[in-house]
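This report describes the fold, the side-chain links and the nonpolar packing of one protein chain. The sequence and the model follow.

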Amino acid sequence: MRIATRFASRTAASSMVVAAALALVGLQAAEQTASAATTKASSVVTCTTANTKLTVTEVSRPINHLLLKATNTGTKPCYTYIAPFLRAGADAQAPLPWAEETTPQAVVTLKPGQSAYAGITTYSPDGEGGAKEKTLGVFFTDKKGGATDKEKTLKLPNGGVFFNSAATVTYWQDNAADALSW
């Protein structure tokens, strides 16, 4: 009986040692994963006019729309927070409003060479006033919703585009179809 008790005690002790070792390995793996995630997150920067190439093009459908494309030209991934601040024309007093219904579920992250898109509605018959503008000023948005660094001024297609009070811009999307489908 005494031998069986010692055997059971040794088995229990061995099981406890194995369980403790596995718990330690699991804890170390979790710490390494958390450390890697922190390192990865810290290596992602905010997209700005300095680390992206911006282009604006006219699209055939839907009518009265432009497509803004931002391509990461940097060496690190970057976040395209919220939506771009756009200034239609050199004399614009306020940025175009953001189309709230286009809010994505997550911030669009661009690896080097990848692009994000924003759709621009230039006018609607419901809008008021308006003028043909030749340039589009673009600012990226930071994590807190403020404008980042310097404005990038783009020439609009066809020597100018008509904008009125109904003009809006979508949030950044990871593909052109989503940017134009609202």
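R87 is partly exposed, with a relative accessible area of 24%; here buried means under 20%, exposed over 50%, and partly exposed in between (1.4 Å probe, protein chains only). Its side chain meets that of E151 in a salt bridge, with 2.8 Å from N to O. The term denotes a side-chain nitrogen of Lys or Arg within 4 Å of a carboxyl oxygen of Asp or Glu. This pair links distant parts of the chain, 64 residues apart: R87 lies in strand 5 (residues 85-88), and E151 in the loop between strand 9 (135-139) and strand 10 (152-155). E151 is also partly exposed, at 27% relative accessible area. A search of the whole structure finds one salt bridge.

The model is predicted: local features need pLDDT of at least 70, side-chain atom pairs count only at pLDDT 80 or more, and totals for chains, interfaces and linings use all residues. Residues are numbered from 1 along each chain as its sequence is written, and side-chain values use heavy atoms, with hydrogens and water left out.

The search of the whole structure also finds one disulfide, that is, a pair of cysteine sulfur atoms within 2.5 Å. It is formed by C47 and C78, whose sulfur atoms are 2.0 Å apart. C47 is in the loop between strand 1 (45-46) and strand 2 (52-58), whereas C78 is in strand 4 (residues 78-80), 31 residues apart. The link is right-handed, with 80° about the S-S bond, and both cysteines are buried.

The table sets out three residue pairs.

| Pair | Distance in space | Separation in sequence |
|---|---|---|
| R87 and E151 | 2.8 Å, N to O | 64 residues |
| C47 and C78 | 2.0 Å, sulfur to sulfur | 31 residues |
| E101 and T170 | 8.2 Å, C-alpha to C-alpha | 69 residues |

E101 has its place in the loop between strand 5 and strand 6 and is exposed, with a relative accessible area of 61%.

The protein chain has two helices and twelve strands. These are DSSP runs numbered from the N terminus, helices (H or I) of at least four residues and strands (E) of at least two. Strands 1, 4 and 6 form an open sheet in the order 1-4-6, with mixed pairing; two strands pair if DSSP finds at least two bridges between them. Strand 1 and strand 6 (108-110) stand at the edges with a single partner strand each, so one side of each has no neighbour in the sheet. Strand 4 and strand 6 run antiparallel and are joined by three bridges, and T80 has V108 in strand 6 as its bridge partner.

Buried residues account for 34% of the 182 residues in the chain. A nonpolar core is a set of buried Ala, Val, Leu, Ile, Met, Phe, Trp, Tyr and Cys residues joined through side-chain atoms within 4.5 Å. The largest has 25 residues, and those with the most contacts inside it are V56, L68, L86, I120, F163 and W172. Strands that each supply at least two of its residues include strand 3 (65-72), strand 7 (115-121) and strand 11 (161-163). Apart from it lies another core, of five residues, including V59, Y117, A179 and L180.

Leaving aside neighbours within four places in sequence, L86 is in contact (heavy atoms within 4.5 Å) with residues including L68, A94, I120, L136 and V169.
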